[in-house]
Amino acid sequence: MEPELIVIGGGLAGSEAAWQAAQRGVRVALYEMRPRRFTPAHTTPWLAEIICSNSLGSDERENASGLLKAELRRLGSLLMACADRTAVPAGKALAVDRELFARCVTEHIERHPLITVIREEVTEIPDRPCIIASGPLTSDALAAAIQRLTGQEYLYFYDAISPIVAADSIDMSICFRGSRYGRGQDPEGDYLNCPMTKEEYEAFVEALIQAETIELRDFEKEDPRFFEACLPIEVLARRGRDALAYGPLRPTGLIDPRTGRMPYAVVQLRRDNRAGTMYSMVGFQTNLKWPEQRRVFRMIPGLQNAEFLRYGQMHRNTYINAPALLEPTMQFRGRPDLFFAGQITGAEGYVGNIATGLVAGVNAARLLRGKPPLVFPVTTMIGALCDYLARADPRDFQPMKANFGLLPPLERPVRDKRARALAYARRALSDLERFWTESGEAEHAVLPPSEAAS
């Protein structure tokens with residue numbers, strides 16, 4: 001039978017969108033160009049491959065990302081179920097074994113009786129109900145088609161991914177396990193910490209500033225826009241000699257057991273897979289040339305013999321000017337059967353991508369079943385994020401992660417920051433529960449976490 005809905009892109013947003021629509025009885029064709037054609041950043045054929053970091057951010061409800069995850073779990077998100085099932089220790093954050101996570105999502109999508117996965121590149125926008133979730137590395141042909149549709153130039157910025165090192169190449173006579181202030185799931189600490197003296201830190205920063213980076217292409221040099229929340233480590237270092245010591249290398253809350261004192265600076269490594277054989281360098285997104293990464297990063301105490309399983313790299317992220325084009329339902333203005341989802345909308349962060357995919361998938365199914373699309377309450381994090389994408393000022397639109405600043409003020413102001421965040425969370429989850437029940441969508445539940453992986 002012919003599919004009722006086309007979903008373009010098998011990343012986080014596209015996979016969630018396809019699942020949500022299929023759970024509502026819609027026949028879906030999910031197009032993913034890998035492995036026929038890879039992006040500069042992807043390396044596997046799995047759906048929902050994540051590349052920049054294995055962390056989905058804080059899981060605490062007093063954190064905006066944690067609240068968004070709580071909302072997605074209530075809404076029946078497949079990807080959150082798979083993430084919970086494939087989690088690895090990361091303190092109070094939710095981090096996953098990336099391969100197990102992608103396999104989990106792929107197996108559920110491919111086994112769904114109403115989803116057909118088609119491994120082909122889409123170069124034109126279909127003239128039938130469609131969700132475009134092609135991601136920040138949209139192919140040139142599809143990007144050109146979207147540009148023809150929108151009638152405007154793309155915005156763009158550059159994102160960088162962190163290196164990964166082999167666990168058995170880390171010198172544990174220098175590094176120590178620990179989480180800041182002793183917080184974390186593992187009694188010994190969820191992170192490996194590479195301590196630095198003042199002299200070691202200063203030598204490292206100098207080498208980092210002087211290291212060679214990969215040359216940008218001519219058009220990139222004219223306007224290289226770095227996303228502030230994911231700056232390459234060398235760019236941050238050039239902002240001031242102490243920028244790293246007060247940023248990703250801050251030693252606060254960590255005591256070196258060899259000295260009994262807080263180090264001058266600390267490079268943290270986070271487990272990247274469940275087996276604990278790979279560790280990613282926290283906050284070390286970089287555009288250094290690969291030989292330079294080996295030379296400079298091996299100056300870090302404990303990494304002098306590091307084996308790099310993946311080098312950092314910088315890649316293009318492309319997104320549309322969403323406020324000029326989209327409704328908070330994720331529908332394209334002027335064509336209600338066309339939806340956008342994921343990072344191409346300007347939603348930043350893995351969880352934000354999943355959220356927009358869920359909204360697009362639910363609303364595409366409602367459209368096909370003759371129901372009005374849902375606009376989620378702006379008091380919820382998912383609703384506030386979609387509202388921002390649709391209603392921000394298009395003249396200076398920038399990608400946005402979930403944050404409490406998107407939410408409307410509380411009726412009664414709360415001075416304490418943590419108490420205020422918890423009040424936001426209580427209001428959001430209460431409003432979401434009422435909205436979701438009244439919408440009639442609550443019956444479309446995903447598999448429980450205990451069954452959400454093979």
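**An open sheet and a two-domain contact**

In this predicted model, 6 strands come together as an open sheet, and the order across it runs β10-β11-β12-β13-β9-β14, with antiparallel pairing. The two edges belong to β10 (176–177) and β14 (308–310); each has just a single partner strand, so one side of each is left without a neighbour in the sheet. Strands in a sheet are held in pairs by backbone hydrogen bonds, and the pairing can be parallel or antiparallel.

Zooming in on one edge, β14 pairs with strand β9 (residues 164–166) in the antiparallel sense, over 2 bridges. Here Ile164 has Arg310 of β14 as its bridge partner. The sheet also has a helix packed on it: α6 (residues 198–210) touches β11 (191–196) and β12 (265–271), and the direction of α6 makes about 95 degrees with that of β11.

Stepping back to the whole chain, the domain assignment splits it into domain 1 (5–155 + 319–439) and domain 2 (161–314). Taken over C-alpha atoms, the centres of domain 1 and domain 2 are 29 Å apart. The contact draws on 23 residues from domain 1 and 20 residues from domain 2. Between them, the two domains bury about 1,700 Å², with 47% of that on carbon and sulfur atoms.

What about the polar side of this interface? There are 4 residue pairs in polar contact across the interface of domain 1 and domain 2, and the salt bridge count between the two domains is 1. Asp272 and Arg98 form a salt bridge, their closest N and O atoms lying 2.9 Å apart. On the side of domain 1 that touches domain 2, the elements giving two or more residues are β4 (87–88), β5 (93–96) and α4 (98–111).

Conventions:
Residues numbered from 1 in each chain as written. Predicted model: local features only at pLDDT ≥ 70, side-chain atom pairs only at ≥ 80, totals over all residues. Heavy atoms only, no water. Pairing = 2+ DSSP bridges. Helix = DSSP H or I, 4+ residues; strand = E, 2+ residues; numbered from the N terminus. Contact = heavy atoms within 4.5 Å. Axes fitted to C-alpha atoms, helices over the stretch in contact; angles between N-to-C directions. Domains from an automatic or database assignment. Buried area = accessible area lost by both parts, 1.4 Å probe. Salt bridge = Lys/Arg side-chain N within 4 Å of Asp/Glu carboxyl O. Polar contact = N/O pair within 3.5 Å; in protein donor to acceptor, adjacent residues only side chain to side chain.
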